[in-house]
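Open the model in your viewer and keep the selection box at hand. This tour goes stop by stop.

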Amino acid sequence: MISLFPERGAPVLFEAELDSTNTRLKAMAAYAEPGTVIAAGRQTGGRGRLGRSFASPSGGVYLSMLLAPAADMRACLTLTPTAAVAVRRALKKVCGLGADIKWPNDLQFGGKKICGILTESVTAGGSFKLIIGIGVNLNTGMDELPLELHDTACSVYSVTGRYTPQEAVIRAIVDELDSAYAHWVVNSHWALDDYRAACASLGHRVQRGSVCGEAVAITDDFALLIRTDAGELIPVSSGEILYA
Ligand code: BTN
């Protein structure tokens, strides 16, 4: 692995190909310094939420950051949406792309997914740690993404028509994550206003399991508040919504 940005406190390690940056960082979690980042040029076994795989061809940015928060599990639930806000800021800064957030933590453009985030917890070296894994379709050509994703995914390149160096995006994401985490440690709701402003799910008719209705608000805990046809307000705090 090569070391990027050696002036940063914790290491940022890059490998051209890995199975999964989350898996690799998990294996190192007992001894790696908090803040350690592993990035890969492509992944052969990229993992997504809800047990899915995450297509990770070359041209994308795939990275994972190790965190050792002192907060309880409940407060940590706000970390993934905080990371979504951080990545959104990074893409705005480096690529000029104003992505939306699809609740809970996908970034999308024009209704198509451009970035996914998978947060996993691990108990290593006797303490609780989190791994935040981020996958961005950056310079990915549409022909490099599986056919079944063509209707639901896009890449920064497919939207802007511009190639952005991978390393610049890794740097920007790491910087924004570092900054967001420093804020989060002081105030776990730090990202809430930005999240609400960027969340494109609001106003949509959505379905989450048996709950169907209009997405009307993001609660202070980043849950999605759904108003059912019967007028009931139901907060949904995990899983995936479908746009109905
Ligand atoms: C999702 O949208 O379902 C989450 C996708 C998360 C993908 C990233 S890529 C870097 C890290 N390593 C993985 O195996 N998964 C995450």
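Select Thr 119 and Ile 132. In this predicted model, Ile 132 in strand 8 is the bridge partner of Thr 119. Now widen the selection to strand 7 (residues 112-124) and strand 8. The two run antiparallel and are joined by ten bridges.

Follow the chain to the turn of this hairpin. Two residues sit between strand 7 and strand 8. Click Gly 125 there: its phi is positive, near 60 degrees.

Stay with strand 8 and colour residues 127-136. How many of its ten residues are buried? Eight are, and the strand is mostly covered.

Next, add strand 4 (residues 61-67). Strand 4 is also antiparallel to strand 8, with seven bridges between them. For one point along this pairing, pick Leu 63, which stands opposite Ile 134 in strand 8.

**Thr 80 and its surroundings**

Go back to Thr 119 and look for Thr 80. The side chains of Thr 80 and Thr 119 make a polar contact of 2.8 Å. Thr 80 belongs to helix 3 (residues 79-95). Is Thr 80 buried or exposed? Its relative accessible area is 11%, under the 20% cut-off, so Thr 80 counts as buried. Show what surrounds Thr 80: beyond the neighbours within four places in sequence, Thr 80 is in contact with Asn 105, Ile 117 and Thr 119.

**The enclosed space**

Turn on cavities. One cavity of 30 Å³ or more is counted. The largest cavity holds about 40 Å³ of space. Select its lining: Leu 67, Leu 79, Thr 82, Ala 83, Ile 132, Leu 177, Ala 180 and Tyr 181. You have met Ile 132 already, as the bridge partner of Thr 119. Helix 3 and helix 5 (166-186) each give at least two residues to this lining. By class, seven of the lining residues are nonpolar, one is polar and none is charged.

**Two pockets**

Now show the pockets. The largest pocket has a volume of about 860 Å³. It is lined by 39 residues, and those closest to its centre are Arg 52, Phe 54, Asp 106, Lys 113 and Leu 149. Helix 1 (21-28), strand 4, strand 6 (106-109), strand 7, strand 8 and strand 13 each give two or more residues to the lining. Which element has the largest share of the lining? Strand 7 does, with five residues. The lining of the largest pocket has 15 nonpolar, 15 polar and nine charged residues.

Move to the second largest pocket, with a volume of about 670 Å³. Of its 27 lining residues, Cys 76, Leu 77, Thr 80, Ser 237 and Ser 238 are the closest to its centre. Helix 2 (73-76), helix 3 and strand 7 each supply two or more lining residues. Strand 7 gives the most here, with five residues. The lining of the second largest pocket counts 14 nonpolar, nine polar and four charged residues.

**Last stop: the open sheet**

Select the five strands of the open sheet, in the order 12-11-10-9-13. The pairing is antiparallel. Why do strand 12 (233-236) and strand 13 (242-243) have one side without a neighbour in the sheet? They stand at the edges, so each has a single partner strand.

Finish inside this sheet. Strand 10 (residues 211-218) and strand 11 (residues 224-228) pair over five antiparallel bridges. Click Ala 215, then its bridge partner in strand 11, Ile 226.

Terms used
Residues are numbered from 1 along each chain as its sequence is written. This is a predicted model: local features need pLDDT of at least 70, side-chain atom pairs count only at pLDDT 80 or more; totals for chains, interfaces and linings use all residues. Side-chain values use heavy atoms; hydrogens and water are left out. Helices (H or I, at least four residues) and strands (E, at least two) are DSSP runs, numbered from the N terminus. Buried means under 20% relative accessible area, exposed over 50%, partly exposed in between (1.4 Å probe, protein chains only). A polar contact is a pair of N or O atoms within 3.5 Å; within protein, one must be able to donate a hydrogen and the other to accept it, and residues adjacent in sequence count only if both atoms are side-chain atoms. Contact means heavy atoms within 4.5 Å. Two strands pair if DSSP finds at least two bridges between them. On a 1 Å grid over the protein atoms alone, a cavity is a set of points where a 1.4 Å probe fits but cannot get out, and a pocket is an open set with protein on both sides within 12 Å along at least five of seven lines; lining residues have an atom within 4 Å of a point. Grid points are joined across faces, edges and corners, and a volume is the space filled by probe spheres set on the points. Ala, Val, Leu, Ile, Met, Phe, Trp, Tyr, Cys and Pro count as nonpolar, Asp, Glu, Lys and Arg as charged, and the others, Gly among them, as polar.
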